[in-house]
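Me: I am new to this structure and should like to learn how to read its features. Could the tutorial begin with the surface?

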Amino acid sequence: NEEETKAQENLDENVKLEERLLARQLLLLGTNDNEVDVSVDISVVFYNEAGKMMTAEEAYAVFCGPGAKLYETVYLPRDANGQPVPFDHYEVYVTAEERNPNPEYDYLGDQLTITANVGLDGNVLAKVENGTGASIDQAELACLYYQGDQTVGFEKDSLNHLEKVGIAEFNAPTDEAFQPIAFDSFEVVVVSTVRYDV
């Protein structure tokens, strides 16, 4: 059906992605610009100079409300021994599927207060205060590390049963040899919140 195909293309096109290359991962930052809830499937195919496919990676966001931000990563190509292999280019494919609204996934991230700093070991510690009055079963957080305006690292952490206060910890960024990558600023964001039995 032509109308259905067109509607599907619009859903896909309204998930805008921006890619940032990190030491071991490709970071995919996006926004659901659709006016409906969607789940998002992202496929990334890496190619060598000869144009042959090397690896295919997938990332999946279960529930994105209108205006929701996506923070997903896929790993860069590695051989059977886990060693990095240089690639020539990659292609990103996005499939968005409309979901029925689900109050369990209502985003409460903008109602959480985050205080964060670099701890003694170089990792970022974040204190998350929940002032919603509701218990959040799971809050997924991410930390983006910057050197100037360049993104040099990305880590996720989840807090379970966030009643009043939770502490998240994000590993400092490292390069291919697991040596520390210098950063001069960072940003902690709430990716998603889930409450069961709403």
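Reply: In this predicted model, local features need pLDDT of at least 70 and side-chain atom pairs count only at pLDDT 80 or more, whereas totals for chains, interfaces and linings use all residues. Residues are numbered from 1 along each chain as its sequence is written, and side-chain values use heavy atoms, with hydrogens and water left out. On the surface, L125, V165 and I167 form a nonpolar patch with about 260 Å² of accessible area together.

Me: Which residues may enter a nonpolar patch?

Reply: Patch members have over 30% relative accessible area and no salt bridge, and nonpolar side chains (Val, Leu, Ile, Met, Phe, Trp, Tyr) are joined within 5 Å. A salt bridge is a side-chain nitrogen of Lys or Arg within 4 Å of a carboxyl oxygen of Asp or Glu. Areas come from the Shrake-Rupley method with a 1.4 Å probe, and for residues only the protein chains shown count as cover.

Me: Does I167 count as buried or exposed?

Reply: Buried means under 20% relative accessible area, exposed over 50%, and partly exposed in between. I167 counts as exposed because its relative accessibility is 54%. I167 belongs to strand β11 (residues 165-170); strands are DSSP runs of E, at least two residues, numbered from the N terminus.

Me: In what order do the strands of the sheet with β11 stand?

Reply: Strands of a sheet pair through backbone hydrogen bonds, either parallel or antiparallel. Two strands pair if DSSP finds at least two bridges between them. Here the order is β7-β8-β11 in an open, antiparallel sheet of 3 strands. β7 (112-118) and β11 stand at the edges with a single partner strand each, so one side of each lacks a neighbour in the sheet.

Me: How many bridges join β7 to β8?

Reply: There are 7 bridges between β7 and strand β8 (residues 124-130), which run antiparallel. V118 stands opposite V124 in β8.

Methods:
Patches are made of residues with over 30% relative accessible area and no salt bridge: like charges are joined within 9 Å, nonpolar side chains (Val, Leu, Ile, Met, Phe, Trp, Tyr) within 5 Å. Helices (H or I, at least four residues) and strands (E, at least two) are DSSP runs, numbered from the N terminus. Buried means under 20% relative accessible area, exposed over 50%, partly exposed in between (1.4 Å probe, protein chains only).
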